[in-house]
2 protein chains.
Amino acid sequence: MESKGFISYDMFRRTCPSHTVLEALSNKWLYLVVMALGRRGRMRFSELQKLLEGVSPKMLTQTLRGLERDGMLQREVFPVVPPRVEYELTPLGREFARLLVHMLDWSVAHVPDILAARALYDVAAGDAVTPPAGS
Amino acid sequence: MESKGFISYDMFRRTCPSHTVLEALSNKWLYLVVMALGRRGRMRFSELQKLLEGVSPKMLTQTLRGLERDGMLQREVFPVVPPRVEYELTPLGREFARLLVHMLDWSVAHVPDILAARALYDVAAGDAVTPPAGS
DNA sequence: CGGAATCCGATATGATACTG
DNA sequence: CAGTATCATATCGGATTCCG
């Protein structure tokens, strides 16, 4: 058998834990929450909700819970009224955030390229289907 | 007004192109295709299908088309019979792949941490709901 | 072989209303 | 304030079938 402590993961296999994790981490809201907390450090539920335009409370809660479950963020409840709950990345979450920042910074930087490519692709596809002249 | 050529994107806004791009790039199959092509360089449809355990032809096609549309990969058709089609990352795609590799390598490396965090979280949640003793 | 087209169920997601 | 509960829908995604 394999010597202990050395596990080989294969993300290409459906049942491999690495695949599952990868699946969990490929999520728009997850990205945005991590980016938000990575920048501002610590935020309340309502602050996140305001920043992430279009999140429903449901999705926000779900995303936050998932990140908490995966050890990426910590949830702190203050026993006051009205309620006050704050979220903050854990060291693990901060590591992830650092990598994510690179990827998303690159993505944002290349938005023009991508939009241009799309435009090109779309007109080409349109041409292929468009009748030669006025039908 | 802003000086020309300097566009400010805000990925937190639903309608911002950067948000759309981010949305498109947060996809499991997309990750796997990019990783696969990033490693092996050039692959046929059937090779990808074999490597990515569980992809339906539909999802694979959809993913490949999306990447092609975004200028991340190039599709090459050989006019032979039986058909032969090969996919390869473009320079843009290769850049993206490099960033993605970092993120996924990190993710895979931390799978144990994440699984451990999950286990902890789940037992804690279970405790909170479990009745004190035999009902 | 490399898809396209179709069908269909599971599930993800969003809007809304409500509560401690 | 910070969620939870509910409902409606959309989209995802898989299986299947067929074609150049």
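## Terms and basis

A residue is near a molecule or strand if one of its heavy atoms lies within 4 Å of it. This is a predicted model, in which local features need pLDDT of at least 70 and side-chain atom pairs count only at pLDDT 80 or more, while totals for chains, interfaces and linings use all residues. Residues are numbered from 1 along each chain as its sequence is written, chains are lettered from A and ligands numbered from 1 in the order in which they are written, and side-chain values use heavy atoms, without hydrogens and water.

## DNA strand D

DNA strand D is surrounded by 19 residues, the closest being Arg44(A), Ser46(A), Arg75(A), Tyr87(A) and Lys58(B). Sugar or phosphate accounts for 62% of the strand's atoms within 4 Å of the protein, and bases for the rest. Helix 4 of chain A gives the most to this surface, with four residues; helices here are DSSP runs of H or I with at least four residues, strands are runs of E with at least two, and both are numbered from the N terminus.

Polar contacts are pairs of N or O atoms within 3.5 Å; within protein, one must be able to donate a hydrogen and the other to accept it, and residues adjacent in sequence count only if both atoms are side-chain atoms. The side chain of Tyr87(A) places an N or O atom 2.4 Å from a phosphate oxygen of DNA strand D. For Arg44(A), a side-chain N or O atom is 2.7 Å from a sugar or linking oxygen of DNA strand D. Pro83(A) uses a backbone N or O atom, 3.2 Å from a sugar or linking oxygen of DNA strand D.

## DNA strand C

Around DNA strand C there are 17 residues, of which Lys58(A), Ser46(B), Arg65(B), Arg75(B) and Tyr87(B) come nearest. Here 66% of the strand's atoms within 4 Å of the protein belong to sugar and phosphate.

Polar side-chain atoms of two residues lie by phosphate oxygens of DNA strand C: that of Ser46(B) at 2.6 Å and that of Trp29(A) at 3.2 Å. A polar backbone atom of Pro83(B) is 3.5 Å from a sugar or linking oxygen of DNA strand C.

## Helix 5 of chain A

Helix 5 of chain A covers residues 91-109. Its buried residues (under 20% relative accessible area, 1.4 Å probe, protein chains only) include Phe96(A), Met103(A) and Trp106(A). Leaving aside residues up to four places away in sequence, Phe96(A) touches (heavy atoms within 4.5 Å) residues of both chains, among them Leu25(A), Met72(A), Met103(B) and Trp106(B).

Methods:
The expected span of a helix is 1.5 Å times one less than its number of residues. Buried means under 20% relative accessible area, exposed over 50%, partly exposed in between (1.4 Å probe, protein chains only).
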